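Reader: I would like a close look at a single part of this protein, with the surroundings of that part described residue by residue. Please take the stretch that you find best suited to such a reading and set out its contacts with care.

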Amino acid sequence: MNRKKSFFVLSAFLACLIFLTPLKIFGVSIPTVETYGPTVEVMKSNLLASQTANLSQEDLLLNCKSAVLMEATTGKILYEQNSEEALPPASVTKVMTLLLIMEAVDSGVIHLEDQVTVSANAASMGGSQVFLKEGEQMMLEDLLKSVVIASANDAAVALAEYVCGNIPAFVSRMNERAAQLGMNSTHFENVTGLDDTVENHKISAKDIAIMSRALIEHKTILKYSSIWMDTIRDGAFGLTNTNRLVRFYPGCTGLKTGSTSKAGFCVSVTAERENLSLICVIMGAESRDIRNAAAASLLDWGFANYALYTAPAGECAPVKVIGGTLGECPLSYAQFSCVLPKEQVGKVTRSEILPKTVSAPVAGDGEVGSVIFKVGEEEIGKVPVVASVSVPKIGFLEILKRLVIDFLVL
């Protein structure tokens, strides 16, 4: 090999080495394609995921300990596999941590612009972190992004302490909120999901879906959870989303990953296509790629087989009122939504069940009848028909006044 060829081979080798090595510019880690791109296993699993779309629910078996697919608008569960067994959730725990934080933000108790001082306890957290220092001050919004995007344990503890003063008080509130939401297979012992020292920190896949649904009602979370890469500390520290599906699954908007040796690999994924919003929970997978493949498979199946049917709010013909100050009362009904198999969406019929007359007094917003929605002979839901205005009972003086007016007109 002559010198020119040797120089060319060496140059090519160095170029490849530089390209495949994570760079660090101005203190920000810049991930390479090798670091964050889809692996061969992921690409293979994506192909398998697309093949699951036509499977029946009975045939859709996922390689994990438990799973749930929930439609977010209605809360209807479309698929479940061992959904109520309480299992270690790892960092998916932070869905509840974030829910309490967002409730405090949206109620005005705390603000995204607040400066939070990091405690020694928060700075001591291991695992995923943004390397907070004791006494460091960071804007609450940056701590929130650190939890949502990078699953930072130190940021989660700092936020919990800021809201409640100490971790035991915050954990107590987590369990109270879980009970309020009807999460019957849940018990929290910390705010991070670290499980080296916990005894009974467990939650079911169904309960994760329930709390995830409550969290995404706070739209700010989806603003952060859909970000692939961001920075904090004025651009000096890079954040990369632990949820690769945000980048590689079309329509993915979040939400939270987690993994420990006890929990295996877990995730709560939110995704939206054609106005259908799904929450997919996978627990106890053997690897990150298996977890992501299971989630992609389940989401593909949900999007392929279901759609959201929505009937807009409307009005019914007025109903006659007997003995009221008005002769008739206008009626209205609210929007109706339900999730259906795609082939049934075009077969929905609606019918009004209304009385011919009502007796005064009629209360405003009082239920008068109903609009019933069916597919064939099966009722899929109904909404109440209510009075749009109040109609008081007519009194003696009003009757006399009307008689006089009628007499004068004649």
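Author: What follows is a description of helix 6, the residue just after it and the helix that comes next, with two further sites added for context.

The model is predicted, and the protein chain in it has 13 helices and 19 strands. Of the 410 residues in the protein chain, 47% are buried, and among the contacts with a separation of 6 or more, 64% join residues 24 or more positions apart.

Helix 6 covers residues 140-150, and because 11 of its 11 residues are buried, this helix is largely enclosed by the rest of the structure. The buried residues include Leu140, Leu143, Leu144, Val147, Val148, Ile149 and Ala150, but Glu141, Asp142, Lys145 and Ser146 are buried in helix 6 as well. As a general point, an α-helix has 3.6 residues a turn, so residues three or four places apart point the same way.

Just after helix 6 comes serine 151, which takes a positive phi of about 55° and sits in the loop between helix 6 and helix 7. Serine 151 has a relative accessibility of 3% and therefore counts as buried, the cut-off being under 20%. The side chain of serine 151 makes a polar contact, at 2.7 Å, with the side chain of lysine 256. Once residues up to four places away in sequence are set aside, serine 151 touches Ser91, Lys94, Ser128, Ser146, Thr242, Lys256 and Thr257, and one of these, Ser146, is among the buried residues of helix 6.

Lys94 also leads on to the next element, since this residue, in addition to touching serine 151, belongs to the packing of two helices described here. Helix 4 (residues 94-106) and helix 7 (residues 153-164) pack at an angle of about 40°, with their axes 10 Å apart, which means that helix 4 is oblique to helix 7. The crossing in which helix 4 passes helix 7 is left-handed. Helix 4 contributes Lys94, Thr97 and Ile101 to the contact, while helix 7 contributes Asn153, Ala156, Leu159, Ala160 and Val163. Sorted by character, the residues of this contact comprise five nonpolar, two polar and one charged.

A further site, asparagine 190, is found in the loop between helix 8 (167-180) and helix 9 (205-215), and asparagine 190 is buried, with a relative accessible area of 13%. Its side chain reaches the backbone nitrogen of threonine 192 at 3.2 Å, and a polar atom of the side chain of asparagine 190 lies 2.8 Å from the backbone nitrogen of glycine 193. Leaving out residues up to four places away in sequence, asparagine 190 touches Thr93, Val171, Met174, Val198 and His201.

The last site is valine 386, which is placed in strand 19 (residues 378-387) and counts as buried at 18% relative accessibility. Valine 386 and aspartate 365 are 21 residues apart in sequence, yet their C-alpha atoms are 5.0 Å apart in space. Apart from its neighbours within four places in sequence, valine 386 is in contact with Pro330, Leu331 and Ser332, and also with Asp365, Gly366, Glu367 and Val368.

Methods: Residues numbered from 1 in each chain as written. Predicted model: local features only at pLDDT ≥ 70, side-chain atom pairs only at ≥ 80, totals over all residues. Heavy atoms only, no water. Axes fitted to C-alpha atoms, helices over the stretch in contact; angles between N-to-C directions. Helix = DSSP H or I, 4+ residues; strand = E, 2+ residues; numbered from the N terminus. Parallel < 35°, antiparallel > 145°, perpendicular 65-115°, else oblique. Left-handed = near helix turned anticlockwise from the far one by under 90°. Contact = heavy atoms within 4.5 Å. Nonpolar A, V, L, I, M, F, W, Y, C, P; charged D, E, K, R; others polar. Buried < 20%, exposed > 50% of the residue type's maximum accessible area, 1.4 Å probe, protein only. Polar contact = N/O pair within 3.5 Å; in protein donor to acceptor, adjacent residues only side chain to side chain.
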